[in-house]
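Me: Could you take a close look at one part of this protein for me, the charged pair and whatever sits around it? I'd like one connected walk-through rather than a list.

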Amino acid sequence: EWALLVGHTPGVTDLVNLLEGAHVPDALPPLAVANFDLGCEAWVELRPGVGTLRGVMSPRRLPDAG
């Protein structure tokens with residue numbers, strides 16, 4: 001299953017920190033994508049610390065298309 005959540009900083013950074021049970025040192029940059037594995041089968045099982053952050057991609061890390 002996949003889910004896409006769209007939001008604004010600092011709310012999205014706070015959600016990443018809550019799901020990971022850790023602290024992302026800086027706010028996520030604009031247009032960043034955070035990839036998670038969630039250790040639950042249903043939304044009702046979602047709790048702080050249940051996620052594993054697999055990576056963050058931001059436009060700055062993409063190759064120059066020019």
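Reply: Start with Arg54, which is exposed, with a relative accessible area of 53%. Keep in mind that this is a predicted model, so every value here is computed from it. Arg54 pairs up with Asp37 in a salt bridge, and the closest N and O atoms are 2.5 Å apart. Asp37 sits in strand β1 and Arg54 in strand β2, so the salt bridge ties together parts that are 17 residues apart in sequence. The two partners fall into separate accessibility classes: Asp37 counts as partly exposed at 36% relative accessibility, while Arg54 is over the 50% cut-off for exposed. If you go looking for other salt bridges, a search of the whole structure finds 1.

Here is the setting for that pair. The protein has 1 helix and 2 strands, and from the N terminus on they run α-β-β. Helix α1 covers residues 11–20, β1 covers 33–38 and β2 covers 51–57. The chain has 66 residues, and 17% of them count as buried. Its C-alpha trace spans about 45 × 25 × 20 Å along the principal axes. Among contacts with a separation of 6 or more, 38% come from residues 24 or more positions apart.

Now move along β2 from Arg54. Leu53 is also in β2 and is partly exposed, with a relative accessible area of 25%. Leaving out residues up to four places away in sequence, Leu53 touches Ala34, Asn35 and Phe36, and also Val16 and Glu20. Val16 is one of the buried residues of α1, so this is a spot where you can follow β2 back to the helix by contact. For a sense of scale, the C-alpha atoms of Leu53 and Gly7 are 46 residues apart along the chain and 17 Å apart in space.

Gly51 is in β2 as well, and it counts as buried, at 6% relative accessibility. Its contacts, setting aside neighbours within four places in sequence, bring you back to the charged pair: Asp37 is on the list, together with Phe36, Leu38, Leu19 and Glu20. Leu19 is another buried residue of α1. The C-alpha atoms of Gly51 and Gly21 are separated by 7.6 Å, although the two glycines are 30 residues apart along the chain. Gly21 comes just after α1 and takes a positive phi of about 75 degrees.

That leads to the helix itself. In α1, the buried residues are Thr13, Val16, Asn17 and Leu19, and what covers them includes both β1 and β2. Asn17 is worth a click: it counts as buried at 12% relative accessibility. Not counting residues up to four places away in sequence, Asn17 touches Ala22, His23 and Val24.

Two backbone details flank this region. In the segment before α1 you'll find Pro10, and the peptide bond from Thr9 to Pro10 is cis, with omega near 10 degrees. In the loop between α1 and β1 there is Leu31, which has a positive phi of about 65 degrees although it is not a glycine. Leu31 is exposed, with a relative accessible area of 72%.

Finally, there is the largest pocket, which holds about 1100 Å³ of space. Its lining has 29 residues, and those nearest its centre are Ala3, Leu4, Leu5, Ala34 and Phe36. You've met two of these already, since Ala34 and Phe36 are both contacts of Leu53. Strand β1 gives the most to the lining, with 6 residues, and α1 and β1 each supply at least two. By class, the lining breaks down into 22 nonpolar, 4 polar and 3 charged residues. As for the outer surface, the protein exposes about 5500 Å², with carbon and sulfur atoms supplying 58% of it.

To pull it back to where you asked me to look: Asp37 in β1 and Arg54 in β2 make the bridge between the strands, and Gly51 in β2 contacts Asp37 as well.

Methods: Residues are numbered from 1 along each chain as its sequence is written. This is a predicted model: local features need pLDDT of at least 70, side-chain atom pairs count only at pLDDT 80 or more; totals for chains, interfaces and linings use all residues. Side-chain values use heavy atoms; hydrogens and water are left out. Buried means under 20% relative accessible area, exposed over 50%, partly exposed in between (1.4 Å probe, protein chains only). Helices (H or I, at least four residues) and strands (E, at least two) are DSSP runs, numbered from the N terminus. Contact means heavy atoms within 4.5 Å. On a 1 Å grid over the protein atoms alone, a cavity is a set of points where a 1.4 Å probe fits but cannot get out, and a pocket is an open set with protein on both sides within 12 Å along at least five of seven lines; lining residues have an atom within 4 Å of a point. Grid points are joined across faces, edges and corners, and a volume is the space filled by probe spheres set on the points. Ala, Val, Leu, Ile, Met, Phe, Trp, Tyr, Cys and Pro count as nonpolar, Asp, Glu, Lys and Arg as charged, and the others, Gly among them, as polar. A salt bridge is a side-chain nitrogen of Lys or Arg within 4 Å of a carboxyl oxygen of Asp or Glu. Accessible areas come from the Shrake-Rupley method with a 1.4 Å probe; for residues, only the protein chains shown count as cover.
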